[in-house]
Amino acid sequence: MFQVKLIVTGDDFGYCPRRNQGIVDCFLAGAVSNVSLLVNGSAAADAAKLARRYNIPIGLHANLSEGSPVCEVLKTNSSLLNEDGFFHGKMGFRTALSKGLLNMSEVKQELKAQVELFHELTGHLPPHMDGHQHVHVLPEVRNVFAEVLEEYGIKYTRVPIEPGLHKCDWITPSLMDFYLGVEEDSLNTVDVFTSHGISINICVPTSGCRWPDIYIGLSTMGKNMSVSTIWSAIDAAIVEFTSKAPSPPVHLTPQSKTVTIELMVHPGYPSVPPIGGCGEGPDDFSQSWERLHELQTLIKPELQSHYKTRNIQLCSFKDL
């Protein structure tokens, strides 16, 4: 039997007070076990205080696409900024990157500034670091991101390759195109991360950074989240993983049979303009009813019961 450890990560902690409160409510209900902080979020300092107050495991949600940089020298005349003085946006960042308009030294400068600000806000370095809107797995950026992980000794990251994504016919074609792009970028990131001493197996001791065996979160996002879609995604991913995993030698400890999963979620109470955001106000995503829908789904007793029935242990990256 495989022991299953599930990290339920609430992304965008620090985006606004209502997002913070929703994530805290989920954590206190046992529905979220880990959070990722947007240090350039309007409520980042408050989020860090809440994490300390409630002992919430917290990592860094590195942001290069929404709002303003935290590095002072990059707040003007930087390749990372559009004509309005903000980051280029989720798709704008990708367009600028594809045109060769982004200076990777500035990307690294901003990533390091965000790690430093995280340390200033929380009192410690992030145990894990991922990318807002999956920018960390994009070409060129992935190399710089890996260098920063290595330089700061950050142990864990995220590689968003979701098992069974292609079979999710409820995802709209335009969104599926974006998700498949994320998947392709992630597949191309594995070798880059590995070359920097980063290991895909979270249970094997290594001096590099690791990520969970399984990632889930694209097929279950927003309106597509339900108890049944989470159940199905987790169960199908475990079956696929365990069918491919070789049986460990008899001399190895039971820990070698552990399968780790990260479930990416975005619960919260919808943002109310003008409060929130990362420098330019809250976006449509944060104001959507889908944030509350995720919160209400995650705290449902039947989901918690499913975890117990399947002997799934919720944990954070620092528990691994």
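# Close-up views of a predicted model

**Figure 1. Leu37 and the residues around it.** Setting aside residues up to four places away in sequence, Leu37 touches Phe13, Gly14, Ala44, Ala47, Ile58, Gly59, Leu60, His61, Phe118, Leu121 and Thr122. Please keep in mind, here and in every view below, that this is a predicted model. Leu37 belongs to strand 2, which spans residues 34–37. Among the residues it touches are Ala44 and Ala47, and both of these are buried residues of helix 2.

**Figure 2. The largest nonpolar core and a separate one.** The largest nonpolar core brings together 74 residues, and Phe13, Leu37, Leu111, Met129, Ile234 and Tyr307 have the most contacts inside it. Which helix gives this core its largest share? That is helix 4 (residues 104–122), with eight residues. Another core of 11 residues lies apart from the largest one, and its members include Leu165, Cys168, Phe178 and Leu218.

**Figure 3. Helix 2 and its buried face.** Helix 2 runs over residues 44–54, and its buried residues are Ala44, Ala47, Ala48, Leu50 and Ala51. Seen down the helix axis, these residues fall within an arc of 160°, so they line one face of the helix. What covers them? The cover includes strand 1 (3–13), helix 1 (17–28), strand 2 (34–37), strand 3 (58–62) and helix 4. Just after the helix comes Asn55, with a positive phi of about 55°.

**Figure 4. Leu50, a buried residue of helix 2.** Leu50 is found in helix 2 and has a relative accessibility of 8%, which counts as buried. Beyond its neighbours within four places in sequence, Leu50 is in contact with Phe13, Asn20, Val24 and Ile56. Phe13 also appears in the list of residues with the most contacts inside the largest nonpolar core. For a sense of scale, the C-alpha atoms of Leu50 and Arg19 are 12 Å apart in space, while the two residues are 31 apart in sequence.

**Figure 5. Val192 in helix 6.** This view turns to helix 6 (residues 173–195), where Val192 is found. Is Val192 buried or exposed? Val192 is buried, at a relative accessible area of 14%. Leaving aside neighbours within four places in sequence, its contacts are with Arg142 and Asn143. Both of these partners fall within helix 5 (141–152). Val192 and Gly123 are 69 residues apart in sequence, and their C-alpha atoms lie 30 Å apart in space.

**Figure 6. Glu140 and Asn311, two loop residues with positive phi.** Glu140 has a positive phi of about 70° although it is not a glycine. Its place is in the loop between strand 4 (129–131) and helix 5 (141–152). With a relative accessible area of 41%, Glu140 is partly exposed. Asn311, likewise a residue other than glycine, has a positive phi near 55°. The loop that holds Asn311 lies between helix 10 (301–309) and strand 7 (312–314). Asn311 counts as exposed, at 57% relative accessibility.

**Figure 7. The cis peptide bond between Pro273 and Pro274.** These two prolines are joined by a cis peptide bond whose omega is about 10°. Where does Pro274 lie? Pro274 sits in the loop between strand 6 (258–265) and helix 8 (284–287).

**Figure 8. Cysteines without disulfides.** The structure holds zero disulfides. Why does Cys278 not form a bond with Cys16? Cys16 carries the cysteine sulfur closest to that of Cys278, but the distance is 9.8 Å, too far for a bond. Cys278 is buried, with a relative accessible area of 3%. Cys315 is buried as well, with a relative accessible area of 4%.

**Figure 9. Stepping back to the protein chain.** To place the close-ups in context, the secondary structure of the chain comes to 10 helices and seven strands. A compact globule of 320 residues would have a radius of gyration near 20 Å, and the 19 Å of the protein chain agrees with this. Along the principal axes, the C-alpha atoms fill a box of roughly 60 × 40 × 40 Å. Of the 320 residues, 55% are buried. Among contacts between residues at least 6 apart in sequence, 75% join residues at least 24 apart. The chain exposes about 13,700 Å², and carbon and sulfur atoms supply 54% of that area.

Terms used
Residues numbered from 1 in each chain as written. Predicted model: local features only at pLDDT ≥ 70, side-chain atom pairs only at ≥ 80, totals over all residues. Heavy atoms only, no water. Core = buried A, V, L, I, M, F, W, Y, C linked by side-chain atoms within 4.5 Å. Buried < 20%, exposed > 50% of the residue type's maximum accessible area, 1.4 Å probe, protein only. Helix = DSSP H or I, 4+ residues; strand = E, 2+ residues; numbered from the N terminus. Contact = heavy atoms within 4.5 Å. Arc of directions from axis to C-beta. Rg over C-alpha atoms; globule rule 2.2 N^0.38 Å. Areas by Shrake-Rupley, 256 points an atom, 1.4 Å probe, with all protein chains shown as cover. Disulfide = S-S within 2.5 Å.
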